[in-house]
Amino acid sequence: MRLLSLQIAVAVACGCTQQRGPVPLEPLTLATAALPNFWLVRVAHARGYFATEGLEVTLLTHQMGKLALDALLEGRADLAACAETPVVFAELRGQHASVLASIASGTRNQA
């Protein structure tokens with residue numbers, strides 16, 4: 001009886017792990033700036049970290065983070081990487097954007 005239970009468990013487990021082929025990547029346009037502050041985004045893209053998470057990211061590179069945020073607010077990008085100042089000014093103009101993540105570093109700062 002134990003052998004039959006083991007065989008059934010193995011058969012069920014093997015059936016659940018069948019290869020279904022590659023999963024299509026979700027397209028995403030990310031606006032960013034060509035400044036050192038945003039190199040983490042560019043490194044993640046170059047090393048394929050977005051693809052590992054199921055995203056096919058297209059980078060829109062701008063001179064400043066404000067222009068990247070403008071691309072988001074105008075519908076030309078799905079996400080934007082920028083500093084906090086453009087987000088605050090956009091909010092004051094009535095243009096609403098949500099902050100999904102923040103990157104920060106510092107030394108000898110109070111928090």
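Which residue forms a salt bridge with Glu74? The points below take up this pair and then the rest of the predicted model.

1. **The pair at Glu74.** The partner of Glu74 is Arg76, and the closest N and O atoms of this salt bridge are 2.8 Å apart. Glu74 is exposed, with a relative accessible area of 53%. Arg76 has a relative accessibility of 44% and counts as partly exposed. Gly75, just after helix H4, takes a positive phi of about 85°.

2. **The second salt bridge.** A search of the whole structure finds 2 salt bridges. Besides the one between Glu74 and Arg76, there is a salt bridge between the side chains of Lys66 and Asp70, at 2.9 Å from N to O. Lys66 and Asp70 are 4 residues apart in helix H4 (residues 65–73), so about one helical turn separates them. As a general point, an α-helix has 3.6 residues a turn, so residues three or four places apart point the same way. The two partners differ in burial class: Lys66 counts as partly exposed at 38% relative accessibility, whereas Asp70 is buried at 15%.

3. **Asp70 in its surroundings.** Asp70 has its place in helix H4. Asp70 counts as buried because its relative accessibility of 15% falls under the 20% limit for that class. Leaving aside neighbours within four places in sequence, Asp70 is in contact with Arg76 and Arg93. Arg76 is thus named in two settings: as the salt-bridge partner of Glu74 and as a contact of Asp70.

4. **Helix H4 as a whole.** Asp70 is one of the buried residues of H4, together with Gly65, Ala68, Leu69 and Ala71. The elements against which the buried residues of H4 pack are S1, S2, S3 and H5. H4 also takes part in the largest pocket, giving the most to its lining with 4 residues.

5. **His62 in strand S2.** His62 lies in strand S2, which covers residues 55–62. At 16% relative accessibility, His62 counts as buried. Not counting residues up to four places away in sequence, His62 touches Ala31, Thr32, Ala33, Ala34, Leu67, Ala68, Ala71 and Arg76. Ala68 and Ala71, two of the residues touched by His62, are among the buried residues of H4.

6. **Thr58 in strand S2.** Thr58 also lies in strand S2, but Thr58 counts as partly exposed, at 43% relative accessibility. With neighbours within four places in sequence left aside, Thr58 is in contact with Leu28, Thr29 and Leu30. Thr58 and Leu30 are 28 residues apart along the chain, and their C-alpha atoms are separated by 6.1 Å.

7. **The largest pocket.** The largest pocket holds about 1,000 Å³ of space. Its lining comprises 32 residues, and those closest to its centre are Ala80, Ala81, Cys82, Ala101 and Ser102. Two or more lining residues come from each of strand S1 (26–33), helix H2 (39–46), H4, strand S3 (79–80) and helix H5 (84–92). By residue type, the lining divides into 25 nonpolar, 4 polar and 3 charged residues.

8. **The loop between S3 and H5.** Ala83 is placed in the loop between S3 and H5. With a relative accessibility of 39%, Ala83 counts as partly exposed. The C-alpha atoms of Ala83 and Phe38 are separated by 9.5 Å, and the two residues are 45 residues apart along the chain.

9. **The protein overall.** The protein has 5 helices and 3 strands, and from the N terminus on its elements run α-β-α-α-β-α-β-α. Of its 111 residues, 18% are buried. Among contacts with a separation of 6 or more, 60% are accounted for by residues 24 or more positions apart. The accessible surface comes to about 8,900 Å², and carbon and sulfur atoms hold 59% of this surface.

Terms used
Residues are numbered from 1 along each chain as its sequence is written. This is a predicted model: local features need pLDDT of at least 70, side-chain atom pairs count only at pLDDT 80 or more; totals for chains, interfaces and linings use all residues. Side-chain values use heavy atoms; hydrogens and water are left out. A salt bridge is a side-chain nitrogen of Lys or Arg within 4 Å of a carboxyl oxygen of Asp or Glu. Buried means under 20% relative accessible area, exposed over 50%, partly exposed in between (1.4 Å probe, protein chains only). Contact means heavy atoms within 4.5 Å. Accessible areas come from the Shrake-Rupley method with a 1.4 Å probe; for residues, only the protein chains shown count as cover. On a 1 Å grid over the protein atoms alone, a cavity is a set of points where a 1.4 Å probe fits but cannot get out, and a pocket is an open set with protein on both sides within 12 Å along at least five of seven lines; lining residues have an atom within 4 Å of a point. Grid points are joined across faces, edges and corners, and a volume is the space filled by probe spheres set on the points. Ala, Val, Leu, Ile, Met, Phe, Trp, Tyr, Cys and Pro count as nonpolar, Asp, Glu, Lys and Arg as charged, and the others, Gly among them, as polar.
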